[in-house]
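Got the viewer open? Let's take a walk through this one together, selecting a few things at a time.

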Amino acid sequence: MTMMFKSLAATLLLSSATQAFSTVTKTDMSPSYLSNVPEGPPDAILGIAEAFKSCTDERKVNVCVGAYRDSTGKPWILPSVRKAEERLLVDPTVNKEYAPIAGDAKYVDLALGFAYGTDADMTKLAGVQTLSGTGACRVGGHFLSKFVPKPEGMDKVPIYIPNPTWGNHIAIFNNCGMDVRRYRYYNSKTNRLDYDGLIEDLKEAPEGSVILLHACAHNPTGCDPTMEQWKDISDLIKSKKHHCFFDSAYQGFASGDAEADASALRLFVSEGHNVVLAQSFAKNFGLYGERTGTLSVVCNSLEERSAVMSQLKLIIRPMYSSPPIHGSSIVKTVLTDEELTAEYYDNCKEMATRINAMRVKLVEVLKEVGSDHDWSHVTEQIGMFAYTGMNSDMCDELTSKYSIFLTRDGRISLAGLNDGNIEYVAKAVHDVTAGKSITS
């Protein structure tokens, strides 16, 4: 009985406190700085994804999201990744302790071997685990902003990023305190790489600028330089004393061959560049939500490596202290087991093969439904996306009329296509582009 009265008293006290707080919040709260906080703009890509979710049209198709989907339109966990995860779940030595500031050292070594090659001189690679590629860019940008000498007459370190590029690059490097500039990359008149413009802009950049390069499967265009062009770019960057920052988000996913996809990066290392590399395992391992990546710097000596590592740790510690361990443990488990590694390479090739098949089929079906445009640029591209040449009005019409959701620059995620929707998408694309130019 006593307990019942105590419980009743506690309930009455809580109710009274709640009513009092409600009265205060309605009448007595003083003006706050929060009333002056403006509404921020929605993220361009994530906003489209939310619009897709809320759309009730049964025909709807999402060709916006940069994540792999299988032939039924579902997310796919790689079988090699699933097996690695199952092993981790029953391994009695696995725990949930904090990782060191620089992350799991064994994972970092394996990740860098995956990128630079297993024969790379690891003693000259300063590497840390990061929150996927986004975190790697953020840590790397902070490091470069702090330590790269500013060109004469400039109060910030300039970083030149391709136009177009992954949209988040601009915000990341701005927030790192860098002077974000653009170099020409894509020629919308030809729907192909603007190599001449690229070379001209890098020549004109102030000596000692940072140059951001996509290691393979350029996002959003899918246009990569040839190896001869990469060699010329390397020579130019060296002659101008520029600094290379590679962003590698699609190694293995681009062509299905992880070694081939690392060719540009490894060329620059062999040419003597002190490369900075942001590496992500989101796309190629399907670890989107695990936030698994690395940042690395090619150094000239053990002393440089030690100093760089110390500074990277000083950046990371107040930023997020230490990285999550589940995704890195999966990558480590896969890459330390020969059978799982072999299966992983097969899984990766399977994804790349399906994406390329959708690329080819989209162009074929566009012709079949009556399009007389030259879509050869789409089949020449590589990676997850097709940069179609459609303008923003065409993209808006695809969404409003056909419930096909894509970014307004004409980028289509080929992962969102399958045999069940590709004809519908092709017919819609033909409808909005018929009689109009897809070059500008």
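Before we click on anything, one term: a residue is called buried when its relative accessible area is under 20%, and exposed when that value is over 50%. Keep in mind, too, that you are looking at a predicted model.

**The whole chain**

Start zoomed out, with everything shown as a cartoon. You should find 17 helices and 13 strands. Along its principal axes, the C-alpha trace spans about 85 × 60 × 55 Å. Of the 440 residues in the chain, 50% are buried. If you take the contacts with a separation of 6 or more, 76% of them join residues 24 or more positions apart.

**Stop one: helix H2**

Now select residues 44–54, which form helix H2. Which residues of H2 are buried? Colour Ile-48, Ala-49 and Phe-52, because those are the buried ones. They sit on the same side of H2, since they cover an arc of only 100 degrees around the axis. Spin the view to the face turned away from that buried side, and you'll meet the exposed residues Leu-46, Lys-53 and Ser-54. To see what covers the buried residues, add strand S1 (61–62) and strand S12 (404–405), which are included in that cover.

**Stop two: helix H5 against helix H12**

Next, show residues 132–147 (helix H5) together with residues 302–319 (helix H12). Their axes come within 10 Å and cross at roughly 120 degrees, so the two helices are oblique to each other. The crossing of H5 past H12 is right-handed. Turn on side chains for the contact: from H5, pick Arg-138, Val-139, His-142, Phe-143, Lys-146 and Phe-147. From H12, pick Val-308, Gln-311, Leu-312, Ile-315, Ile-316 and Met-319. That set divides into eight nonpolar, two polar and two charged residues.

**Stop three: Gly-140**

Stay on H5 and click Gly-140, which is part of this helix. Is Gly-140 buried or exposed? At 1% relative accessibility, it counts as buried. Leaving aside neighbours within four places in sequence, Gly-140 is in contact with Phe-245 and Leu-295. Try the distance tool between Gly-140 and Ala-278: they are 138 residues apart in sequence, yet 7.4 Å apart in space, C-alpha to C-alpha.

**Stop four: Ser-322**

Head over to the loop between H12 and helix H13 (326–335), where you'll find Ser-322. Though it lies in a loop, Ser-322 counts as buried, at 17% relative accessibility. What does Ser-322 contact, leaving aside its neighbours within four places in sequence? Select Tyr-98, Ala-99, Pro-100 and Ile-101 to see those partners.

**Last stop: helix H8 and helix H10**

Finally, bring up residues 227–239 (helix H8) and residues 263–270 (helix H10). These two pack at an angle of about 35 degrees, with their axes 10 Å apart. H8 passes H10 in a right-handed crossing. On the H8 side, the contact uses Met-227, Trp-230, Lys-231, Ile-233, Ser-234 and Ile-237. On the H10 side, look for Ser-263, Ala-264, Leu-267 and Phe-268. Colour them by type and you'll get seven nonpolar, two polar and one charged.

Technical notes
Residues numbered from 1 in each chain as written. Predicted model: local features only at pLDDT ≥ 70, side-chain atom pairs only at ≥ 80, totals over all residues. Heavy atoms only, no water. Axes fitted to C-alpha atoms, helices over the stretch in contact; angles between N-to-C directions. Helix = DSSP H or I, 4+ residues; strand = E, 2+ residues; numbered from the N terminus. Parallel < 35°, antiparallel > 145°, perpendicular 65-115°, else oblique. Left-handed = near helix turned anticlockwise from the far one by under 90°. Contact = heavy atoms within 4.5 Å. Nonpolar A, V, L, I, M, F, W, Y, C, P; charged D, E, K, R; others polar. Buried < 20%, exposed > 50% of the residue type's maximum accessible area, 1.4 Å probe, protein only. Arc of directions from axis to C-beta.
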